[in-house]
Structure formats: structure tokens, C-alpha cells
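This report goes through one protein model with its ligand. Please keep the sequence and the structure open while reading.

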Amino acid sequence: MNIKNIIEKLKEKVEERNILKDEILADHTTYKIGGPADIFVVPQNKEELIHSVKVCRENNAEYVILGRGSNILVSDNGFRGVVINTGDNYSKIEITDDEIYAEAGAGLINVSYKAYDSSLVGLEFACGIPGTIGGAVCMNAGAYGGDMKQIVTEVEVIDEKNEISIINNDQMQFAYRHSIVQEKGYIVLSVKMKLIKGNKEEIKVIRERLKVHRIKGQPLDMPSAGSVFIRPDGNFPGKMIEDLGLKGYTIGGAQVSEKHANFIVNIGNAKATDVLELIEYVNSELEKGYGMKLGVEIKTLGKM
Ligand SMILES: Cc1cc2nc3c(=O)[nH]c(=O)nc-3n(C[C@H](O)[C@H](O)[C@H](O)COP(=O)(O)OP(=O)(O)OC[C@H]3O[C@@H](n4cnc5c(N)ncnc54)[C@H](O)[C@@H]3O)c2cc1C
């Protein structure tokens, strides 16, 4: 990748101050792990986002969309390519009757709060998920029986031909922590959701209950990327790992959380390799104990 050339092309639409070189990605992930990205661009609106993606694609530059970095483990060596960060700037949320429109960078927690504020039922599950709406659609984020699949009506994407397409719910191929976005490398620009008019007090009660549940059950005071392993049919990774006696098991700065065994937390200066080694170790123990390895929910970025 010709870094200088890419930066010059990005500058045709994106202000120079929003194009950073060698930005440390640990500062942009909830794991607080990750080396530098060659280029870190922060588009401020849809046009700049589309331009950034086009520049990367047309110049065969490696690139990735980064939301809040809450489901990603970045290599200690960083990423030799362009990180396009949707950030807080491309994040408008509009509510009309029972419909919500949100731009890719809108915080899921914020969207969930606004739904509550407009007495709309359906996004309570998301009140503690720290990603963007773009990341949530990509991952089909979910919790407590709810997920994006249940509320998304349309997703506006940049498709593989660099065209803007509208994908409806059926076409999204939503499944457990999966959507077509991951298959096709689509870029989520904005999302439309349909909720149900309800009672604000009742929504508040549910939100409070789920928040307490999360605070009690998850290590929210330590850097992590949420649940690590994908739930197999009929069992829970947290329970399986706990029953193997692995809570607290530590490699370098990475530890199987004492609070929730499906979280691997950064207990201080963890390296990406510590987390990966621990994932592998837990998986080998799962294989010994249960005859199966589990899939990993967290995405990785960069050469490990
Ligand atoms: C404490 C904690 C609790 C969590 N609890 C939950 C939970 O209950 N349920 C749950 O599902 N998840 C949970 N997560 C994981 C995470 O918050 C979700 O997966 C979230 O949806 C990721 O959004 P993000 O913006 O941070 O995505 P990132 O981590 O930045 O990216 C994740 C993936 O999405 C892609 N992506 C991001 N934005 C776009 C876009 N605009 N277009 C295309 N692709 C995009 C990225 O390229 C990457 O592949 C938790 C994480 C933490 C740290």
C-alpha cells in the first residue's frame, strides 16, 4: 500500500485533521489492546465514509470499518492498512412514530435510550451493549432474548460493486452473531428499525432489570470485548468454562474473568497474543472436557 498516495486521495474529501498516521488502536478498542494502524481515517458524514471506502477499494488497500471496537482484538503489531472509524460523527438518530433511523456510527446504547424516551419497545436488550449500530447490524448483536434481527427493517449499505443498496431484513441473513455484512464485506451506512409503541414506565423497569443483571454478572470494570465463545446448542460457554475450573486462569495480562467465565479480561498490559493463547488454551480444555471446541465471537484484526 502506498500510504502517501492513499492519504492524498482521502484528502480530496476528508479534512486532513481527520486522517491520522500510525494511530494506536488500543485507544480505540474496549480491550485496550492493539498496535498502530498505517492510516486511521474518521469520516464526518456519509459522503466522506463512501469516499474513504472507494479510495481503499480502488487502490487495493487493506481496510476495515471500526465502530467502537467493542468486539475486536487487534494485533500488537497493529494493522497494515486503513482503519475507517465511524466514530461519533456519523451518528444521527431520528425517530418518526414507531420507526427509528440511525447512521452507522450511532451508539447502540444511545439508540436504545432514545427508543425508551419515545416509549418504543424492542431495544431494551441493547441498553448495555457498547457498540455502534453499524457494528450491531454486522454482528447481529443481541442479549436476553432480543437481537437486531427482530427490529431491523432495512439496512443501507455500500455493496461489493461500490453501489449504495438497501437490504431488507430477509436478505440480511441474520443468525446468531452473524449477518450477510460479514459474508459480503458490505459497509453499513444506516439502519431503519421498527419498534412497538409501549408504556415508558414498563420499558424503564425492563431496562433497569437488565442493567442490574449485567452489572452483577459481567466484569464491566475491566477491559474486554464481551463474550468470547459462541454459545453451542443447549449449553452456555460461561458455565462450561466455569465447570472446568478455569475462572481466573491467566496467561500474561489476559485472564478468564472471575465474574463471568465467557469473558476474557485485560488485567493490565495484556497483549493480543496473551488473549489468543488463552482462547486456545480454554478451547483445548473444552475439547478435553466436552469433546468440542467452541467458535469465537470476537473478530481479529492485523497479523497476530
Ligand atoms: C462489556 C461488553 C459487553 C458486551 N455485550 C454484548 C452483548 O450482550 N451482546 C452482543 O451481541 N455483543 C456484546 N458485546 C460485543 C459488542 O459490543 C457488539 O458486538 C457490538 O455490536 C460491536 O459494535 P462495534 O461498533 O464496537 O463494532 P467493532 O468492534 O468496531 O467491529 C465489530 C465488527 O463489525 C464490523 N463493523 C463495524 N461497523 C461496521 C459498519 N458500519 N459496516 C460494516 N461492518 C462494520 C467491523 O469491521 C468488525 O468486523 C459486548 C462488548 C463488551 C465490551
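The sections below describe the ligand site first and then selected residues elsewhere in the chain.

## The ligand and its shell

The model is predicted. In it, 34 residues surround the ligand. The closest are Ile65, Gly67, Ser70, Thr132 and Gly142. By residue class, the shell around the ligand divides into 18 nonpolar, twelve polar and four charged residues.

Several secondary-structure elements contribute to this shell. Strand β3 (63-66), helix α4 (133-139), strand β9 (142-143) and strand β13 (187-194) each supply at least two residues. The largest share comes from α4, with five residues.

## Polar contacts of the ligand

Ser70 and Gly142, both listed among the closest residues, also have N or O atoms beside polar atoms of the ligand. For Ser70, a side-chain N or O atom is 2.6 Å from an oxygen atom of the ligand. For Gly142, the backbone is involved: one of its N or O atoms lies 2.7 Å from a nitrogen atom of the ligand. Arg177 has a polar side-chain atom 3.3 Å from an oxygen atom of the ligand.

How much of the ligand does the protein bury? Taken alone, the ligand exposes 980 Å², and the protein buries 92% of that area.

## Charges over rings

Arg177 has a second feature besides its position beside a ligand oxygen atom. Arg177 lies over the face of Tyr176, at 4.5 Å from the ring centre. A second arrangement of this kind involves Lys200, which lies over the face of Tyr116 at 5.3 Å from the ring centre.

## Aromatic pairs

A search of the whole structure finds two aromatic pairs. One of them is formed by Tyr249 and Tyr281 and is stacked, with 4.3 Å from centre to centre and 10° between the planes. Planes under 30 degrees apart count as stacked, so an angle of 10° places the pair in that class.

The pair links distant parts of the chain, since its members are 32 residues apart. Tyr249 is in the loop between α7 (237-243) and β15 (250-251), while Tyr281 is in helix α8 (residues 272-290). Tyr249 has 32% relative accessibility and counts as partly exposed. Tyr281 is also partly exposed, at 25%.

## Two buried positions

Ser190 is in strand β13, one of the elements that supply residues to the shell around the ligand. Is Ser190 buried or exposed? Its relative accessible area is 4%, so Ser190 is buried. The Ser190 side chain makes a polar contact of 2.6 Å with the side chain of Glu156.

Ala126 is in the loop between β8 (120-121) and α4. Ala126 is buried, because its relative accessible area is 0% and buried means under 20%. Ala126 and Met139 are 13 residues apart in sequence, and their C-alpha atoms are 13 Å apart in space.

## Positive phi outside glycine

Most residues other than glycine have a negative phi. Which phi values do Gln173 and Asn269 have? Gln173 has a positive phi of about 50° although it is not a glycine, and Asn269, likewise not a glycine, has a positive phi of about 55°.

Both residues are in loops. Gln173 lies between β12 (164-168) and α5 (180-184), and Asn269 is found between β17 (264-266) and α8. Gln173 is partly exposed, with a relative accessible area of 45%. Asn269, at 72%, counts as exposed, because the exposed class is for values over 50%.

## Two further loop residues

Gly145 lies in the loop between β9 and β10 (146-147). The relative accessible area of Gly145 is 70%, so this residue is exposed. Gly145 and Phe125 are 20 residues apart in sequence, with 7.5 Å between their C-alpha atoms.

Met222 is in the loop between α6 (200-217) and α7. Met222 counts as partly exposed, at 30% relative accessibility. Met222 and Phe263 are 41 residues apart in sequence and 10.0 Å apart in space, C-alpha to C-alpha.

Definitions and conventions: Residues are numbered from 1 along each chain as its sequence is written. This is a predicted model: local features need pLDDT of at least 70, side-chain atom pairs count only at pLDDT 80 or more; totals for chains, interfaces and linings use all residues. Side-chain values use heavy atoms; hydrogens and water are left out. A residue is near a molecule or strand if one of its heavy atoms lies within 4 Å of it. A polar contact is a pair of N or O atoms within 3.5 Å; within protein, one must be able to donate a hydrogen and the other to accept it, and residues adjacent in sequence count only if both atoms are side-chain atoms. Accessible areas come from the Shrake-Rupley method with a 1.4 Å probe; for residues, only the protein chains shown count as cover. Helices (H or I, at least four residues) and strands (E, at least two) are DSSP runs, numbered from the N terminus. Ala, Val, Leu, Ile, Met, Phe, Trp, Tyr, Cys and Pro count as nonpolar, Asp, Glu, Lys and Arg as charged, and the others, Gly among them, as polar. Rings of Phe, Tyr and Trp (its six-membered ring) pair if their centres lie within 6.5 Å; planes under 30 degrees apart count as stacked, over 60 as edge-to-face and the rest as tilted. Buried means under 20% relative accessible area, exposed over 50%, partly exposed in between (1.4 Å probe, protein chains only). A charge sits over a ring if NZ of Lys or CZ of Arg is within 6 Å of the ring centre and within 35 degrees of the ring normal.
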